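Student: Can you take me on a close look at the largest nonpolar core? I'd like to know which residues have the most contacts inside it.

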Amino acid sequence: MRFQTKAVLIALVLLVISFSVEAGTFEQIEIEFGPNYGFLDFDDPMEIWDPQWDWGYTGGVYLTIPLSSQFSFVPGLRYSHLKNKVEIVNSTIEGNFSMEHNSITLPLLFRYDFLENMFFIDLGPEFSFLLSSKSHSDYHNPIDGYVNETEDISDNVKGYNIEACVRVGFTAYRWNIPLAVNAAYHHGFTGMAEEGEWWSDWTTREFSFSLSYVYQFGK
């Protein structure tokens, strides 16, 4: 990860922690882990490409800072291993290629609790910082024969992404079970390809599903 990206990430984390402390006492902390379902939305795909979704994984930590009886500020820190897959549809080329993005994301969400705090919905922006990125090729063509290779492309993609997140969850701690089940959609807005390096630019799409351990302070 580039030095500038590290510096921005550290500064944002410290800013969120500082704001959180000033805003009030943490009500609870959520530690989550689960699979994600990723897609790269190419703006100019080749005719022989068939872009598809693929499975990865994600995990994170969220803090809940109450603003009222039903509204809360929920900052967090999330890791995402996002993958996609592109099948090559051509009579002479058979196979696929894929990419994977590993990133640290800073969600800044606002929560609304309803149905006696059994369910919640979170909404807000996310700021992602790329840790690494790779491409995988696995195909056969008449000229090169069988190609199966992995390449580090971290220097050829942008080191950041701006996303919007919608997250819903069901909690069980009202029955003294410190667990929650969550599902979220993360919609990327930043074109990830460095100019001049790729045939097409792309933005990220991600569904995440997770099980959370919820610790409530003072309970």
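**Into the core**

Tutor: Let's start on the outside: the accessible surface of the chain comes to about 11700 Å², and 61% of that belongs to carbon and sulfur atoms. (Areas are worked out by the Shrake-Rupley method with a 1.4 Å probe, and for residues only the protein chains shown count as cover.) Keep in mind that this is a predicted model, so local features need pLDDT of at least 70 and side-chain atom pairs count only at pLDDT 80 or more, while totals for chains, interfaces and linings use all residues. Residues are numbered from 1 along each chain as its sequence is written, and side-chain values use heavy atoms, with hydrogens and water left out.

What is the chain built from? It has 1 helix and 9 strands. (These are DSSP runs numbered from the N terminus: H or I over at least four residues for a helix, E over at least two for a strand.) Start at the N terminus and the elements read α-β-β-β-β-β-β-β-β-β. Of the 219 residues in the chain, 45% count as buried. (Buried is under 20% relative accessible area, exposed is over 50%, and partly exposed is in between, with a 1.4 Å probe and protein chains only.) Among contacts with a separation of 6 or more, 66% are between residues 24 or more positions apart. (A contact is heavy atoms within 4.5 Å.)

Now to your core. In soluble globular proteins, nonpolar side chains tend to be buried together. Here the largest nonpolar core has 16 residues, and Leu40, Phe42, Met99 and Trp202 have the most contacts inside it. Strand S1 (28-42), S3, S4 and S5 each supply at least two of its residues, and S3 gives the most, with 3. (A core is a set of buried Ala, Val, Leu, Ile, Met, Phe, Trp, Tyr and Cys residues joined through side-chain atoms within 4.5 Å.) Apart from this core lies another one of 5 residues, including Val74, Leu109, Cys165 and Ala184.

Back in the big core, pick out Leu40. Not counting residues up to four places away in sequence, Leu40 touches Leu82, Asn84, Met99, His101, Trp202, Thr203 and Thr204. Two names in that list, Met99 and Trp202, are also among the residues with the most contacts inside the core.

So let's follow Trp202. You'll find Trp202 in strand S9. Is Trp202 buried or exposed? Trp202 counts as buried because its relative accessible area is 2%. Its partners, leaving aside neighbours within four places in sequence, are Leu40, Asp41, Phe42, Met99, His101, Val157, Thr190, Gly191, Met192 and Ala193. Look at Phe42 in particular: Trp202 and Phe42 are 160 residues apart in sequence, yet their C-alpha atoms are 4.2 Å apart in space.

Two of the partners of Trp202 deserve a stop: Asp41 and Ala193. First, Asp41, which lies in strand S1. Asp41 has a relative accessible area of 33%, which means partly exposed. Leaving out neighbours within four places in sequence, Asp41 is in contact with Asp201, Trp202, Thr203 and Arg205. For a sense of distance, try Asn84: Asp41 and Asn84 are 43 residues apart along the chain, and their C-alpha atoms are separated by 9.7 Å.

Next, Ala193, which is found in the loop between S8 and S9. Being in a loop doesn't leave Ala193 open here: its relative accessibility is 8%, so Ala193 counts as buried. Setting aside neighbours within four places in sequence, Ala193 is in contact with Asn156, Lys158, Trp198, Ser200, Asp201 and Trp202. The C-alpha atoms of Ala193 and Val157 are separated by 4.7 Å, with their positions 36 residues apart along the chain. Val157 is also a contact of Trp202.

For contrast, look at another loop residue. Asn176 sits in the loop between S7 and strand S8 (179-188). Asn176 has a relative accessible area of 73%, so Asn176 is exposed. Its phi is near 65°, a positive value in a residue other than glycine.

To retrace the route on the structure, go from Leu40 to Trp202, then from Trp202 to Ala193.
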